[in-house]
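Reader: I'd like a close look at a single part of this chain, with enough of the surroundings to see how that part sits. Here is what I have on my screen.

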Amino acid sequence: VGLEITEQDPAVEVVIAPVGGGGLITGVSLAVRQTRGDEVTVLGVEPEGAPSMSRGLASGGPVLLEEITTGVQGLCPLSSGAINVATCAETVNEVLLVSDDHIFAAQAALVRAGEVVEPAGAATTALVLSGGIPAALIKGRSAQDPLRVVAIVSGGNPDPAQLEALQAEG
């Protein structure tokens, strides 16, 4: 995915990936670093109620969460893998947390736009729509000089009843 992004959008400045156990962001960040070095900022997004990667990065290794309080299935492992934490420590600029409310709102916005996406796949969009991109990245930008961001939207297996409820709302 990271290689595809850098090939299809050579002007990308920020890549945002959802984070569960860390496999996707590890692969994305390795590919981005190999093709573009440090030119591109790589951000991860986790639900506030399942910060296994954030805590692993802060502690220098995998951490076993005592409890998971997120309703976002797919981004809620009890622990991120040791190789993933170590790789992300070297290749990811920052892992940010978003609330379930923001994730579910982003999923609803994507569904209204015609996308079929599960809540986990909407985490990156949640970061963007909630204003969570770090201010330092946006400072000095304008419509004439926008920040080039790719938010990975993955996870096309929403719960049918939950998806139907979102579609009924829209």
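Which residues of α2 are buried? And please walk me through whatever lies around that helix.

Author: Happy to. Keep in mind that this is a predicted model. In α2 the buried residues are I25, T26, V28, S29, A31, V32, R33 and R36. An α-helix has 3.6 residues a turn, so residues three or four places apart point the same way. With that in mind, try picking out I25, V28, S29 and V32 on your screen, which are among the buried ones.

Now the helix itself. α2 has 14 residues, and from its first C-alpha to its last it reaches 20 Å, close to the 20 Å expected at 1.5 Å a residue. Just past its end, G37 takes a positive phi of about 60°.

What does the covering? The buried residues of α2 have cover that includes α1 (2–8), β1, β2 and α4 (82–91). Two of those names are strands, so let's turn to the sheet, because strands of a sheet pair through backbone hydrogen bonds, either parallel or antiparallel. Here there are four strands in an open sheet, ordered β3-β2-β1-β4, and the pairing is parallel. At the edges you'll find β3 (94–98) and β4 (149–151), each of which pairs on one side only. From one strand to the next, the twist averages 25°. Helix α2, residues 23–36, packs on this sheet and touches β1 and β2 (41–47). The direction of α2 makes about 175° with that of β2. Helix α3 (residues 52–59) packs on the sheet too, but α3 touches β2 and β3, and its direction makes about 140° with that of β3.

Let's take the two strands that α2 touches, one by one. In β1, five of the five residues are buried, so the strand is largely enclosed by the rest of the structure. Its side chains split up: V14, I16 and P18 point one way, V15 and A17 the other way, and all are buried. In β2, seven of the seven residues are buried, so β2 is also largely enclosed by the rest of the structure. There, T41, L43, V45 and P47 point one way while V42, G44 and E46 point the other, again all buried. Notice that E46 is on that buried list, just as R33 and R36 are on the one for α2.

β1 and β2 pair in the parallel sense over five bridges. If you want landmarks, I16 stands opposite L43 in β2, and A17 has G44 as its bridge partner there. With β4, strand β1 (residues 14–18) shares three bridges, and those two strands also run parallel. On that pairing, V15 stands opposite V150 in β4.

Now zoom out a little. The chain has eight helices and four strands, and along the sequence they follow the pattern α-β-α-β-α-α-β-α-α-α-β-α. Of the contacts between residues at least 6 apart in sequence, 74% join residues at least 24 apart. As for burial, 46% of the 170 residues count as buried. The chain exposes about 8500 Å², and carbon and sulfur atoms supply 51% of that area. Along its principal axes, the C-alpha trace spans about 45 × 45 × 25 Å. A compact globule of 170 residues would have a radius of gyration near 15 Å, and the chain has 16 Å, which agrees.

Two residues outside α2 are worth a click for contrast. I68 sits in the loop between α3 and α4. With a relative accessible area of 28%, I68 is partly exposed. Apart from neighbours within four places in sequence, I68 is in contact with G49, A50, C76, P77 and L78. From I68 to E13 is 55 residues in sequence and 32 Å in space, C-alpha to C-alpha. T125, found in helix α6 (residues 123–129), counts as buried at 13% relative accessibility. Leaving out neighbours within four places in sequence, T125 has contacts with A106, L110 and V153.

Back to your helix, then: α2 packs on the sheet against β1 and β2, and the cover over its buried residues also includes α1 and α4.

Conventions
Residues numbered from 1 in each chain as written. Predicted model: local features only at pLDDT ≥ 70, side-chain atom pairs only at ≥ 80, totals over all residues. Heavy atoms only, no water. Pairing = 2+ DSSP bridges. Axes fitted to C-alpha atoms, helices over the stretch in contact; angles between N-to-C directions. Contact = heavy atoms within 4.5 Å. Rg over C-alpha atoms; globule rule 2.2 N^0.38 Å. Buried < 20%, exposed > 50% of the residue type's maximum accessible area, 1.4 Å probe, protein only. Areas by Shrake-Rupley, 256 points an atom, 1.4 Å probe, with all protein chains shown as cover. Expected span 1.5 Å × (residues − 1).
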